[in-house]
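Trainee: Please take a close look at one part of this model, the loop region around the cysteine pairing. Then set it against the rest of the chain.

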Amino acid sequence: DLPTIIGRIIYVALSLVGIVLLGLLLYAGFLWMTAGGEMEKTQKAQLFIRNAVIWMLIIASAFAITRFILNQLRNIDEGIGISGLGPGRGFGLPSAAGSLGGGIIENHLPARNATEVPRNTPVVITFKEPMRLSSLIRDWTDGGTPTDPSDDPDGLNDAVIKIFPTSSTVSAALRTADVRVRYTPDRKTFVLRPVNPIGSPTMEVGYTVKLLAGLSGLLREDGTPAFSGAFSSGYTWSFQVSRVMDITPPQIISVIPRSGGVYAPNIVVQINFSEPIDPTTASSTTIDVMGALLSPAGSPASRVRGQFISSNNYSTVEFTTDVPCGVNSCGKQIFCLPASSTIDLVVHAASLSTSPPLAELTRSGYDGITDMVGNSLDGNNNGRTEGSAADTVTGDDAYGLDPVWRFGTSDRPNLIPPRIHATLPETGNHTE
């Protein structure tokens, strides 16, 4: 894009000027060393050295002034785009990136500087704390029905979150009506899904996401600014969108525990997918509305108490209960599934839209598991999306129905800490 090209041109120009000045200094030194006591050659050498030093001071001052101005402009409007002056270009003007990991942001997709991102991808952000919904969703209200999201506004708060082509300014950012926002019940993970595919079918396009700071920017649930202190400039990252759409349905590649076994009741149930999963379909503190359901064997209407949580860059979902059952070797409380029980787990596919493999997205969200772009789960791993039981023509594409995912629990939790029995290479051995 144009700002990157300009930044590289400036970098190359300053590098060339520096080489010229170095050449002048070397030439002046040569003249001085070979002057042989001639005053004219000595004065000429001194003149070259003085002029070279003056030019170096001018260039250094110009660089410092330019850097100061660009940093101030970046704080005012990150959308002016000066990525060509960023890290790796020799200018040391990094964008607002410290909030990831060190600040309030736990994770996001697409990742920083990601390439080959599908055009139908959403932007997913996970925070370390619950966020105030009105700072992410324009004119948000629960409509007097806190448990029913179908009547809640779901348009992006475009005054706080900017999603725009990197080569443009924030004036080209997606508007409220262009992006639908879904979120997990803990209000920590948000899926910003563009109504229409971004990018272009004919060329790769760079995109930038900017989260604004301050009291008029992104807020924690208690109303305090999400970005403060060292992170008070907000958060910005960029990625490159490809020319293609993602039409590959997600599959389950492994599960823990395996079907047919008997395990300690404090085992963590884990589902590993072939790609990142939309966290609004795979994490919840209310498992009655989840795509994955854990229940006593033969009693699908019952639910094991607990919650599903996304992890591993949204490619893994884990279920942990909230029923305490003892203390481990570290003195921490542990939680257990029902002891001496047989338990079924079913991972449901979402109902299909009129354009399979895409699932049907309603105001209440999806009714089963989808990947990030909204493709319904291929639960039987046959390479086709067949939807949920509601799709009477295609049947049910759930995982855990045929064959059944069923396992047993023992009567007591496993409280034995892990031990190291051997290491390889052995301690004290030196190998090449």
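Mentor: S340 is exposed, because its relative accessibility is 53% and the cut-off for exposed is over 50%. This is a predicted model, so read every value here as computed from predicted coordinates. S340 sits in the loop between β15 and β16. Its backbone is worth a look. Phi of S340 is positive, about 50°, although the residue is not a glycine.

Now the cysteines. A search of the whole structure finds 1 disulfide. Its partners are C325 and C336, with sulfur atoms 1.9 Å apart. The torsion about their S-S bond is about 65°, so the disulfide is right-handed. C325 belongs to strand β14 (residues 324-327), while C336 is in the loop between β15 (333-335) and β16 (342-347), so the pair ties together parts that are 11 residues apart in sequence. That loop is the one that holds S340.

Take the two ends of the disulfide in turn. C325 is partly exposed, with a relative accessible area of 28%. C336 counts as buried, at 7% relative accessibility. The cut-off for buried is under 20%, so the two ends fall into separate classes. Then there is C330. C330 is exposed, with a relative accessible area of 63%.

N312 also has a positive phi. The value is near 55°, and N312 is a residue other than glycine. N312 lies in the loop between β12 and β13 (316-320). Its relative accessible area is 54%, which makes N312 exposed.

The strands on either side of that loop lead to a sheet. β12 and β13 belong to an open sheet of 4 strands, in the order β8-β10-β13-β12, with antiparallel pairing. The edge strands are β8 (252-256) and β12 (307-311), and each pairs on one side only. From one strand to the next, the twist averages 20°.

Follow the β8 edge. β8 is joined to β10 (residues 269-273) by 4 bridges, and the two run antiparallel. I256 has Q270 of β10 as its bridge partner. I256 also leads into a cis peptide bond to P257, with omega near 0°. P257 is in the loop between β8 and β9 (262-263). Another cis peptide bond runs from P356 to P357, with omega near 10°. P357 lies in the loop between β16 and β17 (406-409).

For contrast, turn to β3. In strand β3 (residues 161-165), 5 of the 5 residues are buried, so the strand is largely enclosed by the rest of the structure. β3 is joined to β6 (residues 205-211) by 5 bridges, and the pair runs antiparallel. F164 stands opposite T208 in β6. β3 also has the highest mean pLDDT among the elements of the chain, 97.

E106 gives another view. E106 is part of strand β1 (residues 105-109). At 46% relative accessibility, E106 is partly exposed. Leaving out residues up to four places away in sequence, E106 touches L100, T126, F127 and K128. E106 and K128 are 22 residues apart along the chain, yet their C-alpha atoms are separated by 5.6 Å.

Now the confidence. The chain has a mean pLDDT of 83, and 83% of its residues reach 70 or more. Strand β11 (residues 292-296) has the lowest mean among the elements, 61. Residues 285-291 stay under 50 in pLDDT, and the model has 24 contacts for them beyond four places in sequence. Residues 74-95 also stay under 50, with 53 such contacts. Where pLDDT is low, the predicted coordinates should not be read in detail.

Finally, the chain as a whole. It has 4 helices and 17 strands. Of its 432 residues, 40% count as buried. Among contacts between residues at least 6 apart in sequence, 63% join residues at least 24 apart. The accessible surface of the chain comes to about 22,500 Å², and 58% of that belongs to carbon and sulfur atoms.

Back to the part you asked about. Keep three residues in view: C325 in β14, C336 in the loop after β15, and S340 in the loop between β15 and β16. C336 is buried, whereas S340 is exposed.

Definitions and conventions
Residues numbered from 1 in each chain as written. Predicted model: local features only at pLDDT ≥ 70, side-chain atom pairs only at ≥ 80, totals over all residues. Heavy atoms only, no water. Pairing = 2+ DSSP bridges. Axes fitted to C-alpha atoms, helices over the stretch in contact; angles between N-to-C directions. Buried < 20%, exposed > 50% of the residue type's maximum accessible area, 1.4 Å probe, protein only. Contact = heavy atoms within 4.5 Å. Areas by Shrake-Rupley, 256 points an atom, 1.4 Å probe, with all protein chains shown as cover. Disulfide = S-S within 2.5 Å. pLDDT = per-residue confidence, 0-100.
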